[in-house]
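This report describes selected features of one structure, taken region by region. The sequence and the model are shown below.

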Amino acid sequence: METQVILNSRHFDLTLKRLCHQLIENHGDFSGTVLIGLQPRGVNVVTRLKLLLEEILDKPVQCGSLDITFYRDDFRRRERPLIPSATNIDFVIEKKKVVLVDDVLFTGRTIRAGLDAMLAFGRPSGVELLAFIDRRFKRELPIQADYVGKAVDTLSEERVSVEWQEIEGEDKVVLFTP
Ligand code: 5GP
Ligand code: MG
């Protein structure tokens with residue numbers, strides 16, 4: 001197995017900060033915007049973005065998490081049942097701008113399911129997508145991110161590992177090639 005660090009902790013931090021400034025450019029002080037992280041690992045991205053955004057804006061930013069298990073298009077095709085994570089959206093998204101957030105964008109099927117799951121909570125005035133890592137090739141649906149932390153061209157059999165200081169002990173992104 002070959003491994004390649006594609007974001008070290010310094011670049012990881014710079015990338016998150018840059019994403020915050022891009023978000024602020026489009027959403028101002030976030031008074032009409034909410035961030036929603038897709039479970040499980042999109043939530044880690046939202047947790048960090050929230051910390052940084054609130055530091056910059058000096059006011060709270062509304063954030064939630066969304067589980068898409070039952071909205072997956074392969075839900076009924078699996079041999080073993082999928083175990084859902086928590087959805088936690090304790091605010092109204094009606095007429096709000098929503099930024100959906102995930103750690104890795106690949107085929108686009110998770111985001112398609114996320115859009116479906118989100119609409120159960122109301123009709124936002126607009127939806128954008130933030131992907132911390134965009135695995136550019138092999139998209140299977142016409143879905144692109146509005147904000148990209150880092151784009152990487154990967155083969156299907158490769159795997160990107162997004163690691164967080166609070167979970168894995170260090171902020172970094174590693175590409176594994178079998
Ligand atoms: P998609 O549905 O776009 O094919 O895949 C995106 C979802 O699968 C994301 O929620 C992401 O967490 C996960 N995923 C896909 N490829 C990778 C990868 O290389 N590394 C990680 N960590 N997650 C991935
Ligand atoms: Mg995921």
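## Serine 161 and glutamate 163

The side chains of serine 161 and glutamate 163 are joined by a polar contact of 2.8 Å. The model is a predicted one. Both partners belong to one element: serine 161 is placed in strand S7, and glutamate 163 lies in strand S7 as well.

Is serine 161 buried or exposed? Its relative accessibility is 18%, so serine 161 counts as buried, the limit being under 20%. Glutamate 163 has a relative accessible area of 15% and therefore is also buried by that limit.

## Surroundings of the pair

Neighbours within four places in sequence are set aside here. On that basis, serine 161 is in contact with Lys172, Val173, Val174 and Phe176. Glutamate 163 touches Phe12, Arg41, Glu168, Glu170, Asp171, Lys172 and Val174, when residues up to four places away in sequence are not counted. Lys172 and Val174 thus appear among the contacts of serine 161 and among those of glutamate 163.

For a longer separation, take arginine 136, which is 27 residues from glutamate 163 along the chain. The C-alpha atoms of glutamate 163 and arginine 136 are 20 Å apart.

## Helix H1

Phe12, one of the residues touched by glutamate 163, is also one of the buried residues of helix H1. The others in that buried set are Thr15, Leu16, Leu19, Cys20, Leu23, Ile24 and His27.

Helix H1 covers residues 9-27, a run of 19 residues. From its first C-alpha to its last, helix H1 reaches 27 Å, close to the 27 Å expected at 1.5 Å a residue. Just after helix H1, glycine 28 adopts a positive phi of about 55°.

## The largest pocket

How much space lies in the largest pocket? The volume is about 860 Å³. The lining comprises 30 residues, of which Arg72, Asp102, Asp103, Thr110 and Arg159 are the closest to the pocket centre.

Three elements each supply at least two lining residues: strand S4 (97-105), helix H3 (109-119) and strand S7 (159-163). Strand S7, which contributes to this lining, is also the strand that holds serine 161 and glutamate 163. Sorted by class, the lining of the largest pocket has 12 nonpolar, seven polar and 11 charged residues.

Conventions: Residues are numbered from 1 along each chain as its sequence is written. Chains are lettered from A and ligands numbered from 1 in the order in which they are written. This is a predicted model: local features need pLDDT of at least 70, side-chain atom pairs count only at pLDDT 80 or more; totals for chains, interfaces and linings use all residues. Side-chain values use heavy atoms; hydrogens and water are left out. On a 1 Å grid over the protein atoms alone, a cavity is a set of points where a 1.4 Å probe fits but cannot get out, and a pocket is an open set with protein on both sides within 12 Å along at least five of seven lines; lining residues have an atom within 4 Å of a point. Grid points are joined across faces, edges and corners, and a volume is the space filled by probe spheres set on the points. Helices (H or I, at least four residues) and strands (E, at least two) are DSSP runs, numbered from the N terminus. Ala, Val, Leu, Ile, Met, Phe, Trp, Tyr, Cys and Pro count as nonpolar, Asp, Glu, Lys and Arg as charged, and the others, Gly among them, as polar. Buried means under 20% relative accessible area, exposed over 50%, partly exposed in between (1.4 Å probe, protein chains only). A polar contact is a pair of N or O atoms within 3.5 Å; within protein, one must be able to donate a hydrogen and the other to accept it, and residues adjacent in sequence count only if both atoms are side-chain atoms. Contact means heavy atoms within 4.5 Å. The expected span of a helix is 1.5 Å times one less than its number of residues.
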